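Here is a small set of exercises to work through with a structure on your screen. Try each task yourself before you read its solution.

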Amino acid sequence: MNKGPRPHPAASPPTSPASGEVKSWGFSTRALHVGQGPDPATGAVVQPIHMATTFAQQGVGKHKGFEYSRTGNPTRNALEECLAALEDARHCLAFASGLGAETTLLLMLSPGDHVVYMEDVYGGTFRLFDKVLKRYGLTFSAVDASDLDAVEKSVTPQTKMVWLESPTNPLLRVVDIDAVSEVAHSHGALVCVDNTFATPYLQQPLHLGADLVVHSSTKYIGGHSDVVGGSIMTNSDELEKQLRFHQNAVGAVPSPFDCWLLLRGVKTLALRVERQSENAMELASALQRNKAVKRVFYPGLDSHPNRAVAARQMRMFGGMVSFEVADEPAAFRTLERLKIFALAESLGAVESLAEHPARMTHASIPAAERERAGVGNGLIRLSVGVEDVADLIADLEYALT
Ligand code: P1T
């Protein structure tokens, strides 16, 4: 007998990261099982994609937890639960892009508020600060956050936030998150860490004193160059309340399909990042031996000035490597001769990418500021993938001859 349409469960079974069971799980178990199936209605082992924009209510205000998909969506909830568990955070909010997450977060501040930021940040982050948010009355100071005195000196009574990247994009500089958090907190400022380069597998800034973490989920979390996304994590219930309000009010939310792609990608995050970090370490060492290379930037090398801090706060040293050749023509020539590395912006995917920060990802930073931060015209940035490392080394060595 046809009993009519069965109500579809609003969401997967609750597997809250706060529960004792999840707390005891390792990283990869969380990546596979938190926020996700089996679906109670069908047994499907993969989270359904809930494309509905709106949800029927039994009476006005009486519903199963969902009203309208900008405000909340079951597939997005699943992703947020999973990513929260990976950062070991109480809360996560997902966004349409990394910059969507950053914008929403900074809109919690008010005109007159001041932000101190690590001078070597992603070019798009700098552009958001300098070309957009300044017009709304926020003020920003760039600082070398690996120098604690410099952080202390740049804080004013109006400083509400210290914004860090570690490792930084593109120079792989490393900031002592614990130490900077102590300075920031002593002045009543919040600390936000863009953890995109490190990934939650290698580094968990909330355990190092940070109040907020942001990710471009487009990168390692997605991992396959096929989805743009962003996320914010925090342990503070009060910050989560404000962020949730702004997520809904501003509306930079991801599509359910994008959330599903991110859930699929994140399952292999640990496997990918381990291989990428191993490959990057070998590749950085090979580049160091190459006569055409002037300097290599990689936190795992003994020559890195903050290797000890990186070793303390990261599980491995990550998949990003930058290096300098003689000048811009030499950099262009090298990039054009690569066969396995694709010449492309972005990073963190399974396939290896190479790019020229000064002309590509960081072109929005004025030349003088770029040079002050050390991003020269001979700099090449690599996102090391999971290919066989011997092939990657051969590709680079050929391109450098
Ligand atoms: O591209 P989007 O998802 O909006 O994320 C912005 C962003 C934020 N933070 C860091 C550290 C980033 O590297 C990025 C994006 N970066 C690139 C596209 C790039 O090639 O560096």
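The exercises below go from the whole chain to single residues, and the model they use is a predicted one.

**Exercise 1: The whole chain**

Task: Find how many helices and strands the chain has, and decide whether it is as compact as a globular protein of its length.

Solution:
- Step 1. Count the elements: the chain holds 15 helices and 12 strands.
- Step 2. Compare two values: the radius of gyration is 22 Å, and the globule rule gives 21 Å for 401 residues. These are close, so the chain is as compact as a globular protein of that length.
- Step 3. Add the dimensions: the C-alpha trace spans about 75 × 50 × 35 Å along its principal axes.

**Exercise 2: Inside and outside**

Task: Work out what share of the residues is buried and what the accessible surface is made of.

Solution:
- Step 1. Residues count as buried when their relative accessible area is under 20%. In this chain, 55% of the 401 residues do.
- Step 2. Turn to the surface: its accessible area is about 16800 Å², and carbon and sulfur atoms own 54% of that.
- Step 3. Look at the charges too: the chain has 37 positive and 45 negative ones, and their mean positions lie 4 Å apart.

**Exercise 3: Domains and contacts**

Task: Say where the domains run and how many residues each gives to the contact.

Solution:
- Step 1. Mark the bounds: domain 1 covers 19-266 and domain 2 covers 269-400.
- Step 2. Take the distance between their centres, over C-alpha atoms: 25 Å.
- Step 3. Read off the contact: domain 1 supplies 41 residues and domain 2 supplies 43 residues.
- Step 4. Now take the contacts in the whole chain with a separation of 6 or more: 73% of them are between residues 24 or more positions apart.

**Exercise 4: The surroundings of Y122**

Task: Locate Y122 and list its contacts beyond its neighbours within four places in sequence.

Solution:
- Step 1. Place the residue: Y122 sits in the loop between β2 (114-118) and α5 (123-132).
- Step 2. Check its exposure: the relative accessible area of Y122 is 27%, so Y122 is partly exposed.
- Step 3. List the partners: with the neighbours within four places left aside, Y122 touches L99, E165, N169, T361 and H362.
- Step 4. Look along the chain: I365 is 243 residues away from Y122, yet their C-alpha atoms are 9.4 Å apart.

**Exercise 5: Cis bonds and positive phi**

Task: Which peptide bonds are cis, and where do the prolines lie?

Solution:
- Step 1. Recall the background: most peptide bonds are trans, and most residues other than glycine have a negative phi.
- Step 2. Find one cis bond between S166 and P167, with omega about -10°. Another joins N169 to P170, where omega is near 15°.
- Step 3. Place the prolines: P167 is in the loop between β4 (159-165) and α7 (177-186), and P170 lies in the loop between β4 and α7.

Task: Are L172 and T199, with their positive phi values, buried or exposed?

Solution:
- Step 1. Begin with L172, in the loop between β4 and α7. Its phi is near 55°, and its relative accessibility is 1%, so L172 counts as buried.
- Step 2. Go on to T199, in helix α8 (residues 199-202). The phi of T199 is about 70°, and T199 is buried too, at 1% relative accessibility.

How values were computed. Residues numbered from 1 in each chain as written. Predicted model: local features only at pLDDT ≥ 70, side-chain atom pairs only at ≥ 80, totals over all residues. Heavy atoms only, no water. Helix = DSSP H or I, 4+ residues; strand = E, 2+ residues; numbered from the N terminus. Rg over C-alpha atoms; globule rule 2.2 N^0.38 Å. Buried < 20%, exposed > 50% of the residue type's maximum accessible area, 1.4 Å probe, protein only. Contact = heavy atoms within 4.5 Å. Areas by Shrake-Rupley, 256 points an atom, 1.4 Å probe, with all protein chains shown as cover. Lys, Arg positive; Asp, Glu negative; His and termini not counted. Charge placed at Lys NZ, Arg CZ, Asp CG, Glu CD. Domains from an automatic or database assignment.
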